Amino acid sequence: MNIRIGILTAPKIEFEQRENTFILKNVRIGIGFHWDRTEDQEFAGTLEIRNNPDGTQTAINTLDLEDYLCSVISSEMNANSPMELLKAHAVISRSWAIRAMQSPNHEGFHVCGDDHCQRYEGLRRMNERAVQAVRETAGQVLVYVQGDNVQGTKEEICDCRYYKCCGGRSEVWRTCWEDIDVPYIQSVECPYCGRVGERTLRLVLNDYDRETKDFHDWQVTYTAEELSEIIRTKSGIDFGTITDIIPLKRGASGRICELKIVGTKHTEIIGKELKIRLWLSRSCLYSSWFDVKKSFNSQLSTFNFQLTGHGWGHGAGLCQIGAAQMAAEGHSYEEILSFYYAGTRLSTTTR
Ligand SMILES: [Zn+2]
Ligand SMILES: [Zn+2]
């Protein structure tokens with residue numbers, strides 16, 4: 001089973017063909033997030049360069065799904081992570097990818113190589129442990145059984161969403177995406193990410209993720225002027241000076257899915273969680289789970305907005321740092337998966 005990944009779109013794709021691999025130059029990772037940067041990446045499989053109608057080019061890589069997964073799990077997490085974490089990640093990344101192959105997220109390829117889909121950063125961060133985790137879980141996916149014995153049952157491969165850190169409680173589907181209930185994405189109280197130590201973090205996070213500190217509990221403070229400028233730039237709307245930001249609706253974890261932004265020229269209610277994170281930060285706020293404290297800054301004669309928040313990412317599904325801690329505490333990958341995805345079980349796809 002081959003998967004097609006759109007790695008990069010640029011005015012002109014620069015690459016170097018090696019014997020069994022190729023190197024793509026200036027691949028952008030973490031697009032729009034706080035770890036946004038470019039790097040050269042090396043890939044296995046085949047390279048196709050597509051010419052787009054707007055004059056740009058897109059590099060599309062095709063390779064076997066299982067080989068793709070070895071790279072994904074060592075891009076999402078460090079390949080030196082505990083084996084049970086890598087195995088759990090192989091199962092969820094495989095389940096998610098199979099669903100994306102059935103209904104692609106992009107025109108002309110199944111998935112992109114960045115955080116929008118799953119990180120796929122080529123061979124550089126991969127090692128034999130990542131290969132072992134994928135081999136030992138070969139073909140395994142997470143499934144959810146719907147229906148009953150009377151009406152008949154239907155087995156569905158789970159759309160396994162995940163993110164870096166829940167901050168203490170995970171979120172439900174509808175806070176982040178469509179207004180539906182996804183039975184295996186429940187709000188779970190997660191004690192694990194809160195007690196992860198420095199040593200485990202060094203082991204499980206890749207270099208650029210280690211630059212992010214205090215993701216479980218964080219704080220950001222803006223002056224009214226700063227916030228007004230950020231919102232104007234990110235939304236393209238002139239709100240005037242922001243006078244208030246009011247959480248109207250929260251999901252099960254506390255993540256805000258409806259936020260009222262009040263300005264001197266314009267007022268608007270926005271959602272869901274990702275839009276809120278994008279509009280309230282120069283890059284992207286760690287999460288939409290935060291409280292707002294407005295106070296008068298007498299030195300500058302302006303208002304300050306202090307956001308006190310929890311977690312890193314949308315919060316629905318598996319908490320990567322919590323799962324890493326579970327593995328470090330001796331839990332198996334089966335236990336990790338059933339903790340974060342309620343009512344699911346492992347199944348093997350026929351290839
Ligand atoms: Zn994508
Ligand atoms: Zn957690």
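Here is a walk through this predicted model, from the whole chain down to one helix and two individual residues.

Let's start with the overall picture. The secondary structure of the chain consists of nine helices and 18 strands. Its radius of gyration is 21 Å, close to the 20 Å that the globule rule gives for 351 residues, so the chain is as compact as a globular protein of that length. If you prefer to think in box dimensions, the C-alpha trace covers about 65 × 55 × 45 Å along its principal axes. Of the 351 residues, 45% are buried. Contacts also reach across the sequence: among those between residues at least 6 apart, 64% join residues at least 24 apart.

Now let's turn to helix 2, which runs over residues 83-102. A quick check on its geometry is to compare length with residue count. At 1.5 Å a residue, its 20 residues should span 28 Å, and the end C-alpha atoms lie 29 Å apart, which agrees. Is helix 2 enclosed or open to the outside? Since 14 of its 20 residues are buried, helix 2 is largely enclosed by the rest of the structure.

One of the elements packed against helix 2 is helix 8, residues 320-328. Two packed helices are described by the angle between their axes and the distance between the axes. Here the angle is about 135° and the axes are 7 Å apart. That angle makes helix 2 oblique to helix 8, and the crossing is right-handed. To find the interface on your screen, look for E84, L85 and A88 on helix 2, which meet A323, A324 and A327 on helix 8.

Next comes a residue in a loop, D159, which sits between strand 9 (152-157) and strand 10 (162-163). Despite its loop position, D159 counts as buried because it has 20 C-beta neighbours inside 10 Å, and 20 is where the buried class begins. Beyond its neighbours within four places in sequence, D159 contacts W96, R99 and V182. W96 and R99 fall within the 83-102 range of helix 2, so this loop residue touches that helix. For a sense of scale, D159 and F109 are 50 residues apart in sequence and 18 Å apart in space, C-alpha to C-alpha.

Our last stop is C165, in the loop between strand 10 and helix 4 (173-176). With 25 C-beta neighbours inside 10 Å, C165 counts as buried too. Outside its neighbours within four places in sequence, C165 is in contact with C193, F215, H216, G311, W312, G313, C319 and I321. By contrast, Q146 is 19 residues from C165 along the chain, with 29 Å between their C-alpha atoms.

Definitions and conventions: Residues are numbered from 1 along each chain as its sequence is written. Chains are lettered from A and ligands numbered from 1 in the order in which they are written. This is a predicted model: local features need pLDDT of at least 70, side-chain atom pairs count only at pLDDT 80 or more; totals for chains, interfaces and linings use all residues. Helices (H or I, at least four residues) and strands (E, at least two) are DSSP runs, numbered from the N terminus. The expected span of a helix is 1.5 Å times one less than its number of residues. A residue is buried if 20 or more other C-beta atoms lie within 10 Å of its own, exposed if 12 or fewer, and partly exposed in between; C-beta atoms are placed from the backbone. The radius of gyration is taken over C-alpha atoms; the globule rule is 2.2 Å times the number of residues to the power 0.38. Two residues are in contact if their C-beta atoms, placed from the backbone, lie within 7 Å. Axes are lines fitted to C-alpha atoms, for helices over the stretch in contact, and angles run from 0 to 180 degrees between N-to-C directions. Angles under 35 degrees count as roughly parallel, over 145 as roughly antiparallel, 65 to 115 as roughly perpendicular and the rest as oblique. A crossing is left-handed if the near helix is turned anticlockwise from the far one by less than a right angle, and right-handed if clockwise.
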